[in-house]
Amino acid sequence: MNVQSSPLAASVPETHADWQALAERLQTERGFETRAYLDNDFVAAVSGETLTTINPATGEPLAEVASCDVADAEAAVTVARRAFDGGAWSRLAPGERKAVLLRLADLLETHRHELALLDSLDMGKPVSSALGDMAGAIGCIRHHAESIDKLYGEVAPTGEDSLGLVLREPLGVVASIVPWNFPMMMTAWKIGPALAAGNSVILKPSEKSPLSALRLAQLTREAGLPHGVFQVLPGFGHTVGKALALSMEVDCLSFTGSTGVGKQLMQYAGQSNLKKVYLECGGKSPNLVFADCKDLERVAEHAAAAIFHNQGEVCIAGSRLLVENSIREAFVDKVLAAAERMQPGDPLDPASFMGAMVDRAQYQRVLDYIHRGVEEGAALRAGGQVEAGDGLNGQGLFIRPTVFDGVTGGMAVGREEIFGPVLAVFGFDTEEEALRLANDSDYGLAAGVWSQDIDRIMRVSRRLQSGQVFVNNWADMDQTVPFGGVKQSGNGRDKSHHSLEEYSDLKTVWMTLTPTSSL
Ligand code: NAD
(Lines give C-alpha, C1' and ligand atoms only; values in the text may rest on other atoms or scores of the structure.)
Protein backbone atom coordinates (compact mmCIF):
# COMPACT_ATOMS: atom_id res chain seq x y z
CA MET A 1 0.00 0.00 0.00
CA ASN A 2 1.83 3.12 -1.18
CA VAL A 3 0.50 6.09 0.72
CA GLN A 4 2.61 8.75 -1.01
CA SER A 5 1.24 7.91 -4.43
CA SER A 6 -2.35 7.81 -3.21
CA PRO A 7 -4.59 9.54 -5.74
CA LEU A 8 -7.30 9.91 -3.10
CA ALA A 9 -5.52 12.85 -1.52
CA ALA A 10 -6.06 14.90 -4.67
CA SER A 11 -9.86 14.70 -4.45
CA VAL A 12 -11.72 17.52 -2.75
CA PRO A 13 -15.25 16.19 -2.23
CA GLU A 14 -18.00 18.74 -1.74
CA THR A 15 -21.36 17.22 -2.62
CA HIS A 16 -23.12 14.09 -1.40
CA ALA A 17 -22.25 12.39 -4.69
CA ASP A 18 -18.57 13.38 -4.33
CA TRP A 19 -18.37 11.81 -0.87
CA GLN A 20 -20.14 8.66 -2.03
CA ALA A 21 -17.71 8.39 -4.95
CA LEU A 22 -14.73 8.88 -2.63
CA ALA A 23 -16.07 6.19 -0.27
CA GLU A 24 -16.47 3.83 -3.21
CA ARG A 25 -12.92 4.48 -4.41
CA LEU A 26 -11.50 4.12 -0.92
CA GLN A 27 -13.11 0.72 -0.53
CA THR A 28 -12.54 -0.66 -4.00
CA GLU A 29 -9.22 0.89 -5.12
CA ARG A 30 -7.32 1.23 -1.89
CA GLY A 31 -8.96 -0.81 0.84
CA PHE A 32 -8.27 -0.14 4.50
CA GLU A 33 -5.16 -0.79 6.55
CA THR A 34 -6.36 -3.36 9.07
CA ARG A 35 -3.19 -4.61 10.79
CA ALA A 36 -1.66 -3.39 14.02
CA TYR A 37 1.24 -0.92 13.79
CA LEU A 38 4.37 -1.96 15.62
CA ASP A 39 7.92 -0.65 15.28
CA ASN A 40 7.07 1.20 12.04
CA ASP A 41 5.59 -1.92 10.47
CA PHE A 42 2.09 -3.33 10.00
CA VAL A 43 1.54 -6.77 11.51
CA ALA A 44 -1.31 -9.16 12.21
CA ALA A 45 -2.31 -9.73 15.83
CA VAL A 46 -0.11 -12.41 17.42
CA SER A 47 -3.19 -14.62 17.83
CA GLY A 48 -4.28 -14.00 14.23
CA GLU A 49 -7.67 -12.90 15.59
CA THR A 50 -9.65 -10.13 13.92
CA LEU A 51 -12.72 -8.08 14.76
CA THR A 52 -15.31 -6.80 12.32
CA THR A 53 -15.92 -3.11 12.02
CA ILE A 54 -19.35 -2.20 10.68
CA ASN A 55 -20.72 0.90 8.98
CA PRO A 56 -23.66 1.76 11.27
CA ALA A 57 -25.40 3.81 8.59
CA THR A 58 -25.80 0.76 6.37
CA GLY A 59 -25.22 -2.22 8.64
CA GLU A 60 -22.56 -3.46 6.21
CA PRO A 61 -19.18 -4.77 7.39
CA LEU A 62 -16.29 -2.50 6.45
CA ALA A 63 -13.22 -4.51 7.38
CA GLU A 64 -11.71 -7.26 9.49
CA VAL A 65 -9.24 -5.53 11.79
CA ALA A 66 -6.49 -7.08 13.91
CA SER A 67 -7.81 -7.86 17.37
CA CYS A 68 -4.80 -7.39 19.64
CA ASP A 69 -4.41 -8.96 23.05
CA VAL A 70 -1.89 -9.40 25.86
CA ALA A 71 0.94 -10.66 23.63
CA ASP A 72 0.59 -7.68 21.27
CA ALA A 73 0.56 -5.28 24.22
CA GLU A 74 3.75 -6.84 25.60
CA ALA A 75 5.47 -6.59 22.22
CA ALA A 76 4.42 -2.97 21.79
CA VAL A 77 5.59 -2.03 25.27
CA THR A 78 9.00 -3.64 24.64
CA VAL A 79 9.41 -1.78 21.36
CA ALA A 80 8.21 1.53 22.81
CA ARG A 81 10.53 1.24 25.82
CA ARG A 82 13.50 0.41 23.61
CA ALA A 83 12.77 3.43 21.43
CA PHE A 84 12.47 5.64 24.49
CA ASP A 85 15.70 4.42 26.05
CA GLY A 86 17.48 4.70 22.68
CA GLY A 87 16.81 8.43 22.69
CA ALA A 88 16.25 8.89 18.94
CA TRP A 89 13.06 10.76 19.85
CA SER A 90 13.12 11.25 23.61
CA ARG A 91 16.50 13.00 23.55
CA LEU A 92 16.07 14.72 20.20
CA ALA A 93 16.25 18.52 20.40
CA PRO A 94 12.71 19.88 20.78
CA GLY A 95 13.11 21.93 17.60
CA GLU A 96 13.73 18.73 15.65
CA ARG A 97 10.73 16.99 17.19
CA LYS A 98 8.75 20.04 16.19
CA ALA A 99 9.82 19.67 12.54
CA VAL A 100 8.60 16.06 12.41
CA LEU A 101 5.27 16.88 14.07
CA LEU A 102 4.70 19.81 11.72
CA ARG A 103 5.27 17.43 8.81
CA LEU A 104 2.70 15.11 10.36
CA ALA A 105 0.22 17.99 10.66
CA ASP A 106 0.78 18.85 6.99
CA LEU A 107 0.16 15.23 6.01
CA LEU A 108 -3.04 15.17 8.07
CA GLU A 109 -4.12 18.31 6.26
CA THR A 110 -3.40 16.79 2.85
CA HIS A 111 -5.34 13.64 3.72
CA ARG A 112 -8.07 15.25 5.83
CA HIS A 113 -10.93 14.27 3.55
CA GLU A 114 -9.92 10.64 3.57
CA LEU A 115 -9.44 10.59 7.34
CA ALA A 116 -12.79 12.31 7.88
CA LEU A 117 -14.40 9.78 5.59
CA LEU A 118 -12.88 6.88 7.55
CA ASP A 119 -14.36 8.21 10.81
CA SER A 120 -17.71 8.82 9.17
CA LEU A 121 -17.90 5.31 7.68
CA ASP A 122 -16.62 3.67 10.84
CA MET A 123 -18.84 5.31 13.45
CA GLY A 124 -21.68 6.97 11.57
CA LYS A 125 -20.99 10.66 12.18
CA PRO A 126 -21.85 13.17 9.45
CA VAL A 127 -18.86 13.65 7.20
CA SER A 128 -19.10 17.44 7.51
CA SER A 129 -18.73 17.08 11.26
CA ALA A 130 -15.81 14.65 10.82
CA LEU A 131 -14.12 17.25 8.62
CA GLY A 132 -14.55 19.78 11.43
CA ASP A 133 -12.92 17.28 13.80
CA MET A 134 -9.96 17.04 11.42
CA ALA A 135 -9.41 20.80 11.66
CA GLY A 136 -9.30 20.41 15.45
CA ALA A 137 -6.93 17.44 15.24
CA ILE A 138 -4.54 19.20 12.87
CA GLY A 139 -4.61 22.40 14.93
CA CYS A 140 -3.81 20.38 18.04
CA ILE A 141 -0.75 18.66 16.54
CA ARG A 142 0.51 22.00 15.19
CA HIS A 143 -0.03 23.75 18.51
CA HIS A 144 2.05 21.24 20.47
CA ALA A 145 4.71 21.05 17.78
CA GLU A 146 5.03 24.83 17.92
CA SER A 147 5.09 25.03 21.72
CA ILE A 148 7.67 22.40 22.51
CA ASP A 149 10.74 24.44 21.58
CA LYS A 150 9.49 27.47 23.49
CA LEU A 151 9.25 25.97 26.94
CA TYR A 152 12.02 26.80 29.37
CA GLY A 153 13.03 25.08 32.57
CA GLU A 154 13.58 26.96 35.83
CA VAL A 155 16.44 28.03 38.00
CA ALA A 156 15.43 27.91 41.66
CA PRO A 157 15.92 31.04 43.77
CA THR A 158 18.79 29.65 45.90
CA GLY A 159 21.79 31.23 47.55
CA GLU A 160 25.02 31.71 45.58
CA ASP A 161 26.61 28.48 46.81
CA SER A 162 24.10 26.24 45.08
CA LEU A 163 22.28 25.92 41.80
CA GLY A 164 18.83 24.33 41.63
CA LEU A 165 17.66 23.43 38.13
CA VAL A 166 14.08 22.34 37.51
CA LEU A 167 13.97 20.33 34.30
CA ARG A 168 10.99 18.94 32.42
CA GLU A 169 11.49 15.40 31.13
CA PRO A 170 9.30 13.01 29.16
CA LEU A 171 7.70 10.19 31.16
CA GLY A 172 8.63 7.18 29.04
CA VAL A 173 5.91 4.95 27.56
CA VAL A 174 2.44 6.48 27.33
CA ALA A 175 -0.59 4.31 26.51
CA SER A 176 -3.46 6.35 25.08
CA ILE A 177 -6.85 4.67 25.15
CA VAL A 178 -9.51 6.56 23.23
CA PRO A 179 -13.25 6.28 22.46
CA TRP A 180 -15.14 6.15 19.18
CA ASN A 181 -17.13 9.38 19.18
CA PHE A 182 -14.35 11.68 17.89
CA PRO A 183 -11.74 9.12 16.83
CA MET A 184 -9.22 11.43 15.17
CA MET A 185 -9.71 14.44 17.39
CA MET A 186 -9.45 12.55 20.69
CA THR A 187 -6.36 10.79 19.33
CA ALA A 188 -4.71 14.10 18.42
CA TRP A 189 -5.50 15.54 21.86
CA LYS A 190 -3.56 12.64 23.40
CA ILE A 191 -0.68 11.98 21.02
CA GLY A 192 0.04 15.65 20.19
CA PRO A 193 1.37 16.62 23.63
CA ALA A 194 2.69 13.12 24.45
CA LEU A 195 4.87 12.95 21.34
CA ALA A 196 5.90 16.60 21.52
CA ALA A 197 7.16 16.01 25.08
CA GLY A 198 9.38 13.15 23.80
CA ASN A 199 7.46 10.07 24.94
CA SER A 200 6.92 6.80 23.09
CA VAL A 201 3.19 6.29 22.54
CA ILE A 202 0.98 3.22 22.20
CA LEU A 203 -2.45 4.14 20.90
CA LYS A 204 -5.43 1.86 21.53
CA PRO A 205 -8.32 3.09 19.39
CA SER A 206 -11.85 1.99 20.15
CA GLU A 207 -12.82 -1.40 18.70
CA LYS A 208 -15.73 0.49 17.09
CA SER A 209 -13.59 2.98 15.12
CA PRO A 210 -10.05 1.73 14.46
CA LEU A 211 -9.63 2.65 10.78
CA SER A 212 -8.46 6.27 10.99
CA ALA A 213 -5.87 5.42 13.67
CA LEU A 214 -4.26 2.88 11.33
CA ARG A 215 -4.20 5.40 8.49
CA LEU A 216 -2.65 7.89 10.92
CA ALA A 217 0.08 5.34 11.65
CA GLN A 218 1.01 5.31 7.96
CA LEU A 219 1.27 9.08 8.03
CA THR A 220 3.47 9.14 11.16
CA ARG A 221 5.88 6.86 9.32
CA GLU A 222 5.84 9.16 6.31
CA ALA A 223 6.42 12.18 8.56
CA GLY A 224 9.63 10.56 9.84
CA LEU A 225 8.78 9.51 13.38
CA PRO A 226 11.63 7.15 14.40
CA HIS A 227 11.11 3.41 14.84
CA GLY A 228 9.12 2.33 17.86
CA VAL A 229 7.98 5.80 18.93
CA PHE A 230 4.37 5.27 17.87
CA GLN A 231 2.36 2.03 17.97
CA VAL A 232 -1.33 1.39 17.21
CA LEU A 233 -3.01 -1.66 18.75
CA PRO A 234 -6.62 -2.13 17.65
CA GLY A 235 -8.67 -4.48 19.80
CA PHE A 236 -11.06 -4.68 22.69
CA GLY A 237 -10.79 -2.86 25.98
CA HIS A 238 -10.97 -5.93 28.19
CA THR A 239 -8.11 -7.58 26.25
CA VAL A 240 -5.43 -5.27 24.88
CA GLY A 241 -6.63 -2.16 26.74
CA LYS A 242 -6.51 -3.93 30.08
CA ALA A 243 -3.09 -5.45 29.30
CA LEU A 244 -1.66 -1.97 28.65
CA ALA A 245 -3.24 -0.61 31.79
CA LEU A 246 -1.77 -3.43 33.90
CA SER A 247 1.67 -3.28 32.31
CA MET A 248 4.61 -2.62 34.62
CA GLU A 249 6.40 -0.87 31.75
CA VAL A 250 3.75 1.71 30.86
CA ASP A 251 4.45 4.97 32.68
CA CYS A 252 1.25 6.84 31.91
CA LEU A 253 -2.29 6.00 30.85
CA SER A 254 -4.14 8.81 29.15
CA PHE A 255 -7.74 7.84 28.70
CA THR A 256 -10.90 9.27 27.22
CA GLY A 257 -14.04 7.21 27.68
CA SER A 258 -16.70 6.29 30.17
CA THR A 259 -16.50 6.93 33.90
CA GLY A 260 -16.91 3.20 34.62
CA VAL A 261 -13.84 2.25 32.60
CA GLY A 262 -11.94 5.22 34.03
CA LYS A 263 -12.47 3.81 37.52
CA GLN A 264 -11.18 0.41 36.38
CA LEU A 265 -8.04 1.99 34.96
CA MET A 266 -7.23 3.59 38.31
CA GLN A 267 -7.51 0.16 39.90
CA TYR A 268 -5.21 -1.37 37.28
CA ALA A 269 -2.64 1.35 37.97
CA GLY A 270 -2.83 0.53 41.68
CA GLN A 271 -2.48 -3.19 40.99
CA SER A 272 0.60 -2.64 38.81
CA ASN A 273 3.17 0.16 38.91
CA LEU A 274 1.23 3.25 40.07
CA LYS A 275 1.47 4.67 36.58
CA LYS A 276 0.04 8.14 36.14
CA VAL A 277 -3.60 7.98 35.06
CA TYR A 278 -5.27 10.92 33.33
CA LEU A 279 -8.97 10.52 32.73
CA GLU A 280 -11.43 12.38 30.51
CA CYS A 281 -14.75 10.73 31.27
CA GLY A 282 -18.49 11.16 30.89
CA GLY A 283 -20.85 14.03 31.50
CA LYS A 284 -24.45 15.13 31.94
CA SER A 285 -23.90 18.78 31.27
CA PRO A 286 -26.38 21.47 32.36
CA ASN A 287 -27.21 24.37 30.06
CA LEU A 288 -28.82 27.24 32.05
CA VAL A 289 -31.12 29.63 30.20
CA PHE A 290 -32.21 32.69 32.18
CA ALA A 291 -35.21 34.79 31.16
CA ASP A 292 -33.02 37.86 30.57
CA CYS A 293 -31.01 36.23 27.76
CA LYS A 294 -31.00 37.92 24.38
CA ASP A 295 -32.57 36.50 21.20
CA LEU A 296 -34.40 33.38 22.35
CA GLU A 297 -34.50 32.07 18.79
CA ARG A 298 -30.72 31.97 18.57
CA VAL A 299 -30.32 30.54 22.09
CA ALA A 300 -32.80 27.76 21.26
CA GLU A 301 -30.87 26.92 18.09
CA HIS A 302 -27.66 26.61 20.14
CA ALA A 303 -29.36 24.65 22.92
CA ALA A 304 -30.61 22.13 20.35
CA ALA A 305 -27.23 21.88 18.61
CA ALA A 306 -25.57 21.42 22.02
CA ILE A 307 -27.32 18.06 22.39
CA PHE A 308 -27.97 16.93 18.82
CA HIS A 309 -24.50 17.59 17.37
CA ASN A 310 -22.78 14.25 16.57
CA GLN A 311 -26.12 12.46 17.36
CA GLY A 312 -25.66 13.38 21.02
CA GLU A 313 -22.60 11.13 21.19
CA VAL A 314 -20.59 13.94 22.74
CA CYS A 315 -19.04 13.98 26.21
CA ILE A 316 -19.92 17.65 26.64
CA ALA A 317 -23.41 17.35 25.15
CA GLY A 318 -25.72 19.91 26.76
CA SER A 319 -28.06 17.09 27.75
CA ARG A 320 -29.78 18.89 30.66
CA LEU A 321 -31.51 22.10 29.60
CA LEU A 322 -32.47 24.22 32.62
CA VAL A 323 -34.90 26.98 31.65
CA GLU A 324 -36.35 29.76 33.80
CA ASN A 325 -40.04 28.90 34.14
CA SER A 326 -41.29 32.33 33.02
CA ILE A 327 -40.00 31.65 29.46
CA ARG A 328 -40.00 27.88 29.49
CA GLU A 329 -43.05 27.12 27.39
CA ALA A 330 -42.13 29.55 24.63
CA PHE A 331 -38.49 28.52 24.75
CA VAL A 332 -39.18 24.79 24.53
CA ASP A 333 -41.34 25.44 21.45
CA LYS A 334 -38.37 27.14 19.81
CA VAL A 335 -36.07 24.24 20.77
CA LEU A 336 -38.56 21.81 19.21
CA ALA A 337 -38.59 23.87 16.01
CA ALA A 338 -34.79 23.87 15.92
CA ALA A 339 -34.70 20.09 16.59
CA GLU A 340 -37.00 19.56 13.64
CA ARG A 341 -34.28 21.03 11.40
CA MET A 342 -31.63 18.65 12.84
CA GLN A 343 -32.98 15.31 11.66
CA PRO A 344 -30.60 12.43 10.95
CA GLY A 345 -29.57 11.67 7.41
CA ASP A 346 -26.98 9.79 5.37
CA PRO A 347 -23.63 10.61 7.04
CA LEU A 348 -22.06 11.03 3.59
CA ASP A 349 -24.47 13.86 2.76
CA PRO A 350 -22.74 17.08 3.90
CA ALA A 351 -26.20 18.52 4.60
CA SER A 352 -26.95 15.91 7.30
CA PHE A 353 -26.85 17.39 10.78
CA MET A 354 -26.96 14.02 12.55
CA GLY A 355 -25.79 10.60 11.39
CA ALA A 356 -26.26 7.06 12.71
CA MET A 357 -25.68 5.76 16.24
CA VAL A 358 -22.34 3.96 16.46
CA ASP A 359 -23.65 0.41 16.80
CA ARG A 360 -26.72 -1.63 17.66
CA ALA A 361 -25.90 -1.79 21.38
CA GLN A 362 -25.67 2.00 21.65
CA TYR A 363 -28.81 2.41 19.52
CA GLN A 364 -30.75 0.05 21.77
CA ARG A 365 -29.39 1.70 24.92
CA VAL A 366 -30.66 5.11 23.76
CA LEU A 367 -34.08 3.68 22.82
CA ASP A 368 -34.28 2.01 26.25
CA TYR A 369 -33.67 5.37 27.92
CA ILE A 370 -36.40 6.95 25.80
CA HIS A 371 -38.86 4.25 26.92
CA ARG A 372 -37.73 4.72 30.49
CA GLY A 373 -38.29 8.49 30.32
CA VAL A 374 -41.88 7.89 29.21
CA GLU A 375 -42.38 5.33 32.00
CA GLU A 376 -40.96 7.74 34.57
CA GLY A 377 -43.52 10.36 33.58
CA ALA A 378 -41.44 12.89 31.63
CA ALA A 379 -43.32 14.54 28.75
CA LEU A 380 -41.99 13.25 25.40
CA ARG A 381 -42.33 16.29 23.12
CA ALA A 382 -40.40 14.99 20.09
CA GLY A 383 -38.30 12.15 18.80
CA GLY A 384 -37.74 8.44 19.07
CA GLN A 385 -36.41 5.97 16.57
CA VAL A 386 -36.52 6.40 12.81
CA GLU A 387 -38.87 3.84 11.33
CA ALA A 388 -37.57 1.70 8.47
CA GLY A 389 -38.74 2.90 5.09
CA ASP A 390 -38.95 6.59 5.84
CA GLY A 391 -36.09 7.57 3.58
CA LEU A 392 -33.12 6.12 5.42
CA ASN A 393 -31.75 2.65 4.86
CA GLY A 394 -33.69 0.19 7.00
CA GLN A 395 -30.46 -1.22 8.42
CA GLY A 396 -29.19 2.15 9.62
CA LEU A 397 -29.22 2.95 13.32
CA PHE A 398 -30.88 6.36 13.26
CA ILE A 399 -32.66 8.11 16.12
CA ARG A 400 -34.55 11.38 15.86
CA PRO A 401 -33.78 14.40 18.02
CA THR A 402 -35.68 13.57 21.19
CA VAL A 403 -36.93 16.10 23.74
CA PHE A 404 -38.38 15.39 27.20
CA ASP A 405 -39.94 18.28 29.12
CA GLY A 406 -40.88 18.32 32.81
CA VAL A 407 -37.87 16.26 33.83
CA THR A 408 -36.82 16.02 37.47
CA GLY A 409 -33.50 15.04 39.01
CA GLY A 410 -34.83 11.68 40.15
CA MET A 411 -35.48 10.47 36.59
CA ALA A 412 -32.86 8.39 34.75
CA VAL A 413 -33.19 10.60 31.65
CA GLY A 414 -32.32 13.60 33.81
CA ARG A 415 -29.44 12.04 35.71
CA GLU A 416 -27.61 9.38 33.68
CA GLU A 417 -25.36 9.88 30.66
CA ILE A 418 -27.37 8.55 27.70
CA PHE A 419 -24.86 9.44 24.99
CA GLY A 420 -27.50 9.91 22.36
CA PRO A 421 -29.80 12.64 20.96
CA VAL A 422 -32.00 12.94 24.05
CA LEU A 423 -32.58 16.29 25.73
CA ALA A 424 -33.98 16.55 29.27
CA VAL A 425 -35.65 19.91 30.03
CA PHE A 426 -35.97 21.09 33.64
CA GLY A 427 -37.70 24.26 34.86
CA PHE A 428 -36.45 26.61 37.60
CA ASP A 429 -37.66 29.78 39.29
CA THR A 430 -34.57 31.23 40.93
CA GLU A 431 -30.81 31.38 40.38
CA GLU A 432 -30.27 29.33 43.54
CA GLU A 433 -32.58 26.61 42.27
CA ALA A 434 -30.84 26.59 38.89
CA LEU A 435 -27.45 26.14 40.56
CA ARG A 436 -28.76 23.41 42.85
CA LEU A 437 -30.18 21.48 39.88
CA ALA A 438 -27.05 22.04 37.78
CA ASN A 439 -24.66 20.83 40.48
CA ASP A 440 -26.82 17.88 41.50
CA SER A 441 -24.81 15.45 39.36
CA ASP A 442 -21.95 12.98 39.67
CA TYR A 443 -20.43 14.66 36.63
CA GLY A 444 -18.75 18.04 36.12
CA LEU A 445 -17.56 18.33 32.55
CA ALA A 446 -19.28 21.33 30.94
CA ALA A 447 -22.00 23.85 31.68
CA GLY A 448 -23.62 26.75 29.84
CA VAL A 449 -25.02 30.08 31.05
CA TRP A 450 -27.24 32.24 28.86
CA SER A 451 -27.93 35.69 30.32
CA GLN A 452 -27.20 39.39 29.71
CA ASP A 453 -26.47 40.13 33.36
CA ILE A 454 -22.70 40.12 33.84
CA ASP A 455 -22.97 39.94 37.61
CA ARG A 456 -25.17 36.88 37.39
CA ILE A 457 -22.94 35.34 34.72
CA MET A 458 -19.87 35.62 36.94
CA ARG A 459 -21.69 34.51 40.10
CA VAL A 460 -23.12 31.46 38.39
CA SER A 461 -19.95 30.60 36.43
CA ARG A 462 -17.91 30.51 39.62
CA ARG A 463 -20.41 28.34 41.45
CA LEU A 464 -20.98 25.78 38.70
CA GLN A 465 -19.09 22.57 39.45
CA SER A 466 -17.69 22.11 35.98
CA GLY A 467 -14.38 21.92 34.14
CA GLN A 468 -15.58 24.48 31.62
CA VAL A 469 -18.39 27.02 31.52
CA PHE A 470 -19.66 28.40 28.23
CA VAL A 471 -21.24 31.86 28.46
CA ASN A 472 -23.75 32.78 25.74
CA ASN A 473 -22.40 29.98 23.56
CA TRP A 474 -22.05 26.22 23.69
CA ALA A 475 -18.63 24.65 23.12
CA ASP A 476 -17.05 27.64 21.37
CA MET A 477 -13.41 27.03 22.22
CA ASP A 478 -10.11 26.33 20.61
CA GLN A 479 -6.75 24.72 21.17
CA THR A 480 -5.52 27.48 23.49
CA VAL A 481 -7.77 26.56 26.43
CA PRO A 482 -7.56 23.44 28.60
CA PHE A 483 -10.36 20.89 28.34
CA GLY A 484 -11.34 18.50 31.11
CA GLY A 485 -13.71 17.77 33.93
CA VAL A 486 -14.15 17.72 37.68
CA LYS A 487 -15.96 15.19 39.90
CA GLN A 488 -16.53 11.88 38.07
CA SER A 489 -15.90 13.50 34.68
CA GLY A 490 -12.20 12.94 35.25
CA ASN A 491 -8.93 14.48 36.36
CA GLY A 492 -7.07 15.22 33.15
CA ARG A 493 -6.70 18.28 30.95
CA ASP A 494 -6.40 17.99 27.19
CA LYS A 495 -5.30 20.84 24.88
CA SER A 496 -3.28 23.99 25.63
CA HIS A 497 0.16 24.11 27.33
CA HIS A 498 -1.41 22.50 30.39
CA SER A 499 -1.73 19.14 28.67
CA LEU A 500 2.05 19.04 28.15
CA GLU A 501 2.39 19.01 31.93
CA GLU A 502 0.64 15.61 32.01
CA TYR A 503 3.17 14.03 29.69
CA SER A 504 6.31 15.25 31.42
CA ASP A 505 7.79 15.13 34.89
CA LEU A 506 9.75 17.70 36.83
CA LYS A 507 13.30 16.74 37.74
CA THR A 508 15.36 18.73 40.19
CA VAL A 509 19.11 18.93 39.71
CA TRP A 510 20.74 20.43 42.80
CA MET A 511 24.41 21.43 42.57
CA THR A 512 26.47 22.44 45.52
CA LEU A 513 28.99 25.05 44.39
CA THR A 514 32.14 26.17 46.13
CA PRO A 515 31.08 28.92 48.54
CA THR A 516 32.44 32.35 47.60
CA SER A 517 33.95 32.66 51.11
CA SER A 518 36.28 29.67 50.58
CA LEU A 519 37.69 30.86 47.24
P1 NAD B 1 -15.59 3.21 26.89
O2 NAD B 1 -15.16 3.61 28.26
O3 NAD B 1 -16.47 2.05 26.74
O4 NAD B 1 -14.31 2.90 25.99
C5 NAD B 1 -13.27 3.85 25.82
C6 NAD B 1 -11.99 3.11 25.46
O7 NAD B 1 -11.62 2.30 26.58
C8 NAD B 1 -12.14 2.15 24.27
O9 NAD B 1 -10.97 2.18 23.51
C10 NAD B 1 -12.32 0.81 24.96
O11 NAD B 1 -11.91 -0.28 24.16
C12 NAD B 1 -11.41 0.97 26.17
N13 NAD B 1 -11.72 0.06 27.28
C14 NAD B 1 -12.94 -0.45 27.63
N15 NAD B 1 -12.80 -1.27 28.70
C16 NAD B 1 -11.49 -1.26 29.05
C17 NAD B 1 -10.72 -1.89 30.06
N18 NAD B 1 -11.28 -2.73 30.94
N19 NAD B 1 -9.39 -1.65 30.12
C20 NAD B 1 -8.81 -0.81 29.24
N21 NAD B 1 -9.47 -0.19 28.24
C22 NAD B 1 -10.80 -0.40 28.15
O23 NAD B 1 -16.22 4.53 26.24
P24 NAD B 1 -16.81 4.70 24.79
O25 NAD B 1 -18.14 4.02 24.75
O26 NAD B 1 -15.79 4.34 23.78
O27 NAD B 1 -17.01 6.29 24.73
C28 NAD B 1 -18.08 6.94 25.30
C29 NAD B 1 -17.69 7.56 26.62
O30 NAD B 1 -16.56 8.40 26.45
C31 NAD B 1 -18.78 8.46 27.17
O32 NAD B 1 -18.92 8.21 28.55
C33 NAD B 1 -18.23 9.86 26.92
O34 NAD B 1 -18.74 10.84 27.78
C35 NAD B 1 -16.77 9.65 27.09
N36 NAD B 1 -16.00 10.71 26.45
C37 NAD B 1 -15.39 11.65 27.24
C38 NAD B 1 -14.68 12.70 26.65
C39 NAD B 1 -13.98 13.74 27.50
O40 NAD B 1 -13.15 14.46 26.97
N41 NAD B 1 -14.29 13.84 28.78
C42 NAD B 1 -14.61 12.79 25.27
C43 NAD B 1 -15.24 11.81 24.49
C44 NAD B 1 -15.94 10.77 25.09
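Two aromatic rings of Phe, Tyr or Trp, with the six-membered ring taken for Trp, form a pair if their centres lie within 6.5 Å. In this predicted model, that rule yields a count of 5 aromatic pairs. One of them joins Tyr37 and Phe42: the ring centres are 4.8 Å apart and the planes meet at 45°. Planes under 30 degrees apart would count as stacked and those over 60 as edge-to-face, so the Tyr37 and Phe42 pair is tilted. Tyr37 and Phe42 are both buried.

Another of the pairs brings together Trp180 and Phe419, with ring centres 5.4 Å apart. Here the planes stand at 80°, so this pair is edge-to-face. It is a pleasant one to trace in the structure, as Trp180 and Phe419 are 239 residues apart and link distant parts of the chain. Trp180 sits in the loop between strand S7 (173-177) and helix H6 (183-196), while Phe419 belongs to the loop between helix H13 (412-415) and strand S16 (422-428). Both Trp180 and Phe419 are buried.

Attention now turns to the ligand. It is surrounded by 29 residues, and the closest are Val178, Glu207, Ser258, Cys281 and Glu417. Ser258 also places a polar side-chain atom 2.6 Å from an oxygen atom of the ligand. For Lys204, a polar side-chain atom lies 2.8 Å from a ligand oxygen atom. Tyr268 offers a polar side-chain atom at 3.4 Å from a nitrogen atom of the ligand. Taken alone, the ligand would expose 840 Å², of which the protein buries 91%.

Two glutamates complete the picture. Glu280 is listed by UniProt under "active site", in an unreviewed entry. In the model, Glu280 lies in strand S11, which covers residues 276-280. Its relative accessibility is 4%, and because buried means under 20%, Glu280 counts as buried. Leaving aside residues up to four places away in sequence, Glu280 touches Lys190, Phe255, Thr256 and Gly257, together with Phe483, Gly484, Gly485, Ser489, Gly492, Arg493 and Asp494.

Glu431 is found in helix H14, spanning residues 431-439. With 15% relative accessibility, Glu431 counts as buried too, since the value is under 20%. Apart from residues up to four places away in sequence, the contacts of Glu431 are Phe290, Arg456, Arg459 and Val460.

Terms used:
Residues numbered from 1 in each chain as written. Predicted model: local features only at pLDDT ≥ 70, side-chain atom pairs only at ≥ 80, totals over all residues. Heavy atoms only, no water. UniProt positions renumbered as here; feature names shortened; annotations may be inferred. Helix = DSSP H or I, 4+ residues; strand = E, 2+ residues; numbered from the N terminus. Buried < 20%, exposed > 50% of the residue type's maximum accessible area, 1.4 Å probe, protein only. Contact = heavy atoms within 4.5 Å. Near = heavy atom within 4 Å. Polar contact = N/O pair within 3.5 Å; in protein donor to acceptor, adjacent residues only side chain to side chain. Areas by Shrake-Rupley, 256 points an atom, 1.4 Å probe, with all protein chains shown as cover.
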